[in-house]
Amino acid sequence: MSLYGVNSINTTSFEAKWIAESEDERRKLHLTSWGPEKEHPAADDGHRFPFDMLARTILGGIVEGRIEMPLSFFRRASSALVEREYIQAIYGFFFVIESLFGEGKSRTAQLRAALENSKYLSDAITTILKRCPTTRQSESFLRQDFAKKFAPMSVSQYISHIVELRGFLHHHTHKRRDIWHPENQEKYQLDALILADICYRVLFQQGWTQFDRQKVKDEYIRQAEGWFEQQGRTAK
């Protein structure tokens, strides 16, 4: 069907209807349709983001710029996560940790060793593996999978798992019976959610060390004072 312009067929959110064959049958039907539906999480606008943090974040990217590319990977992966394109999300999130901590290694054993050598990454994995990344009642099956598969893992075991998963998803052949299917995104939801939490934690730590640097603060103050001067006012 894709050859004729169909982008996707949603098999997880559908509506089933019962059509009465007579007026009498219609009156007896108390339920005429049903279907599962998924909603995107509502944005929590109860938290206010201080302007100085926004300004220093932007200035930190300009002054330092060392995590600009990993942040770009994170943004694209997060967009894929929202769209439930979990395989694409895993690609992007893995690029985040590979870019930051992979030391340019491409061989599996060398890459694994480089990732295990990062304290930032190890600390993030240790924290994330203590809790399931979702608390939604509708996703209790994910919590069960997490408790069974991921909670018992050590940092080394998790790194081995995600490196192997990246390799598995990076290649494809119809000759392998258990090969991944691009329409079976739900199978990789939990992996994507865990990686997202890990990447968020390491990027926040990396970002904080940049936009909280003294020269970033000094640049922020310099620009703020310049703006107040243009307005004929004095910065306090």
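**Exercise 1. Which residue with a positive phi follows α4?**

Solution. The model is predicted.
Step 1: Find α4, which covers residues 86-101.
Step 2: Read on past the helix. E103 follows α4, and the phi of E103 is positive, near 55 degrees.
Step 3: Place the residue. E103 sits in the loop between α4 and α5 (108-116).
Step 4: Judge the exposure. E103 has 54% relative accessibility, so E103 counts as exposed. The cut-off for exposed is over 50%.

**Exercise 2. Describe R84, in the loop that comes before α4.**

Solution. Step 1: Locate the residue. R84 belongs to the loop between α3 (68-82) and α4.
Step 2: Check the backbone. R84 is not a glycine, and its phi is positive, near 60 degrees.
Step 3: Set this against the usual case. Most residues other than glycine have a negative phi.
Step 4: Check the exposure. The relative accessible area of R84 is 23%, so R84 is partly exposed. Partly exposed lies between the 20% and 50% cut-offs.

**Exercise 3. Compare the reach of α4 with its expected span, then list its buried residues.**

Solution. Step 1: Count. Helix α4 has 16 residues.
Step 2: Take the span. From first C-alpha to last, α4 reaches 22 Å, close to the 22 Å expected at 1.5 Å a residue.
Step 3: List the buried positions. They are Y86, I87, A89, I90, G92, F93, F94, V96, I97 and F101.
Step 4: Recall the helix geometry. An α-helix has 3.6 residues a turn, so residues three or four places apart point the same way.

**Exercise 4. Trace the link between Q189 and Y86.**

Solution. Step 1: Place Q189. Q189 is part of helix α9 (residues 189-211).
Step 2: Test for burial. The relative accessible area of Q189 is 4%, so Q189 is buried. Buried means under 20%.
Step 3: Find the neighbours. Beyond four places in sequence, Q189 contacts Y86, E139, F141 and L142.
Step 4: Look at the side chains. Those of Q189 and Y86 are joined by a polar contact of 3.5 Å. Y86 is one of the buried residues of α4.

**Exercise 5. Find what V155 touches beyond four places in sequence.**

Solution. Step 1: Place V155 in helix α8 (residues 155-170).
Step 2: List the contacts. V155 touches S122, I125 and T126, leaving out residues up to four places away.
Step 3: Take a C-alpha distance. V155 and L121 are 34 residues apart along the chain, and their C-alpha atoms are separated by 9.0 Å.

**Exercise 6. Repeat the span check for α10, and name the residue with a positive phi that follows.**

Solution. Step 1: Helix α10 covers residues 214-230, with 17 residues.
Step 2: Its first and last C-alpha atoms are 24 Å apart, close to the 24 Å expected.
Step 3: G232 follows α10, with a positive phi near 70 degrees.

**Exercise 7. Sum up the chain and its surface.**

Solution. Step 1: Count the elements. The chain holds 10 helices and two strands. Their order is β-α-β-α-α-α-α-α-α-α-α-α.
Step 2: Gauge burial. Of the 236 residues, 30% are buried.
Step 3: Weigh the contacts. Among contacts with a separation of 6 or more, 64% join residues 24 or more positions apart.
Step 4: Take the surface. The accessible surface is about 16600 Å², and carbon and sulfur atoms account for 52% of it.
Step 5: Spot a nonpolar patch. F14, W18, L29, L31 and W34 form one of about 510 Å². L31 lies in the loop between α1 (23-28) and β2 (33-34).

Conventions:
Residues numbered from 1 in each chain as written. Predicted model: local features only at pLDDT ≥ 70, side-chain atom pairs only at ≥ 80, totals over all residues. Heavy atoms only, no water. Helix = DSSP H or I, 4+ residues; strand = E, 2+ residues; numbered from the N terminus. Expected span 1.5 Å × (residues − 1). Buried < 20%, exposed > 50% of the residue type's maximum accessible area, 1.4 Å probe, protein only. Polar contact = N/O pair within 3.5 Å; in protein donor to acceptor, adjacent residues only side chain to side chain. Contact = heavy atoms within 4.5 Å. Patch = residues over 30% accessible without salt bridge, like charges linked within 9 Å, V, L, I, M, F, W, Y side chains within 5 Å. Areas by Shrake-Rupley, 256 points an atom, 1.4 Å probe, with all protein chains shown as cover. Salt bridge = Lys/Arg side-chain N within 4 Å of Asp/Glu carboxyl O.
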